[in-house]
Amino acid sequence: MPSIAITGTGLFTPPHSISNDELVAAFNAYVAAENEKNADRIAKGDVKALEGSSAEFIVNASGIRRRYAMDRAGILDPKILAPRIQERTNEENSIQCEMALSAAREALAQANVTPADIGAVIVACSNLQRAYPAVAVEVQEALGTKGFAFDMNVACSSATFGINVARDMVAAGSVKRALVVSPEICTGHLNFRDRESHFIFGDACTAVVVEDLATSAAAEPFEILGTRLATKYSNNIRNNFGFLNRAAPEHRDDTDKLFVQQGRKVFKDVSPMVAELVSAHLDSLGIAPTEVRRMWLHQANGTMNQWIARKVLGRDASAEEAPSVLEEYANTSSCGSIITFHKNRTGLKKGDVGVVCSFGAGYSVGSVIVRKAQ
Ligand code: CO8
């Protein structure tokens, strides 16, 4: 079996940043307006008054301080509380394609390859803006890559599942190089009127080049020692948006057509699932926990990541060993672990081992164990 490697990564960061204070101010203005509108019914006890949000709660519960978004004005307008993104014509690049191109070009440059060297594009993300043609095929055309392209969705685990697919394709010889791109516009499916989740997500796009280590011209390749995936069905993170919504128009705008989760249950179910999977994966490769230099974990909750890292390493992880981008980016779904990898791999030397790991809806967990090759 040839040695397959991640040879380049890229990141697109949206132009707008929104702080917790700004988000909470917009949410609380909405709450005040709703409560004023319903004052009589609230006084009679027919309607429950809505409760305000708090920036202090958000940072303590999640570790999130701000997030990037493709639109700011709509999200912060208490009368809208949703991004406003102009629809484009079919002749223009779609917004997800545009994000993908930016991240992909950085990843290709880092891998020291051209678009023509890429044989497959996988767009792997939680939310795709249309049914077809696949966004990946649009990216293939706009970037000028060869071969074929397809979309896939495993929610927050999309990028690591995509890396697994890319690695298998390169190892099998069906393509020489693959590009995995994750354009996440999480704000498009976030219910900014829901106190328990309005602060969770932000937007971003990442890209990863996967190819044979032996023929790579990259300056900083990371050999993929192994990938391991797991899924287990759960309704605790769910979004019922889909093409059949128009067949039940009376429910088309219900809040279950946006992101909904039982956060506490997710925390309790998923954390042990992740720690067990990563520990077993390391063990199967003959790697002791003491050999793990870095854990680039999915970015949903800081406490959750500290718990997982402690279980895997058998001790508390330092900020350098389990870096976080939550403070700045919030949860960017499948981009989270890749942004963390992209921004936090200095200080490692040849032979150092690290774990890229994502987890989320499904439930789904993806572990990619890598070794710095140069
Ligand atoms: N402000 C003030 N107080 C609040 C707020 C708020 N905004 N929200 C809740 N509270 C209150 C609650 O009412 C509750 O009060 P009380 O104790 O009096 O009942 C108290 O705070 C505690 O509430 P919770 O129990 O809900 O709070 P937690 O400590 O559990 O924190 C979290 C909530 C941060 C959501 C936490 O549970 C968490 O992070 N869980 C893990 C979630 C996770 O990992 N999810 C993965 C999802 S990502 C994924 O799969 C991607 C899906 C696809 C992306 C789609 C893009 C949109």
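**Figure 1. Residues around the ligand.** In this predicted model, 25 residues surround the ligand, and the closest of them are Cys 156, Arg 195, Arg 264, Asn 301 and Ala 361. Three nitrogen–polar atom distances can be followed in the view, beginning with Ser 53, where an N or O atom in the side chain is 2.9 Å from a nitrogen atom of the ligand. At Ser 54 it is a backbone N or O atom that lies 3.2 Å from a nitrogen atom of the ligand, and at Arg 195 a polar backbone atom is found 2.8 Å from a nitrogen atom of the ligand. Of the 1,200 Å² of accessible area that the ligand has on its own, the protein covers 76%. The elements giving two or more residues to the surrounding shell are H3 and H8, and the largest share, 3 residues, comes from H8. Cys 156, one of the closest residues to the ligand, is itself buried, with a relative accessible area of 9%.

**Figure 2. The largest nonpolar core and a second, separate one.** The largest nonpolar core has 51 residues, and those with the most contacts inside it are Val 274, Val 278, Leu 282, Met 295, Cys 357 and Phe 359. At least two residues of this core are supplied by each of helix H1 (20-37), helix H3 (55-62), helix H4 (73-76), helix H8 (263-284), strand E11 (292-297), helix H9 (302-313), strand E12 (353-360) and strand E13 (364-372). H8 gives the most to this core, with 8 residues. When residues up to four places away in sequence are not counted, Cys 357 touches Val 274, Val 278, Trp 296, Leu 297, His 298, Ser 337, Val 365 and Gly 366. A second, separate core of 28 residues includes Leu 108, Ile 118, Cys 125 and Ala 207. In soluble globular proteins, nonpolar side chains tend to be buried together.

**Figure 3. Cys 335 and the cysteine sulfur closest to it.** Cys 335 is buried, with a relative accessible area of 0%. The closest cysteine sulfur to that of Cys 335 belongs to Cys 205 and is 5.8 Å away, so the two are too far apart for a bond. The structure as a whole holds 0 disulfides.

**Figure 4. Gln 96 in helix H5.** Gln 96 lies in helix H5, which spans residues 95-111, and it counts as buried because its relative accessibility is 2%. Leaving aside neighbours within four places in sequence, Gln 96 is in contact with Cys 125, Asn 127, Leu 128, Gln 129, Val 135, Pro 183 and Ile 185. The contact with Asn 127 can be described further, since the side chain of Gln 96 reaches the backbone oxygen of Asn 127 at 2.8 Å. Another residue for orientation is Leu 229, which is 133 residues from Gln 96 in sequence and 26 Å from it in space, C-alpha to C-alpha.

**Figure 5. Ser 197 in the loop between strands E6 and E7.** Ser 197 is placed in the loop that runs between strand E6 (177-185) and strand E7 (203-212). Despite its position in a loop, Ser 197 counts as buried, because its relative accessibility is 3%. Beyond its neighbours within four places in sequence, Ser 197 is in contact with Leu 190, Asn 191 and Phe 259. The C-alpha atoms of Ser 197 and Val 209 are separated by 33 Å, although the two residues are 12 residues apart along the chain.

Technical notes
Residues numbered from 1 in each chain as written. Predicted model: local features only at pLDDT ≥ 70, side-chain atom pairs only at ≥ 80, totals over all residues. Heavy atoms only, no water. Helix = DSSP H or I, 4+ residues; strand = E, 2+ residues; numbered from the N terminus. Buried < 20%, exposed > 50% of the residue type's maximum accessible area, 1.4 Å probe, protein only. Contact = heavy atoms within 4.5 Å. Core = buried A, V, L, I, M, F, W, Y, C linked by side-chain atoms within 4.5 Å. Disulfide = S-S within 2.5 Å. Polar contact = N/O pair within 3.5 Å; in protein donor to acceptor, adjacent residues only side chain to side chain. Near = heavy atom within 4 Å. Areas by Shrake-Rupley, 256 points an atom, 1.4 Å probe, with all protein chains shown as cover.
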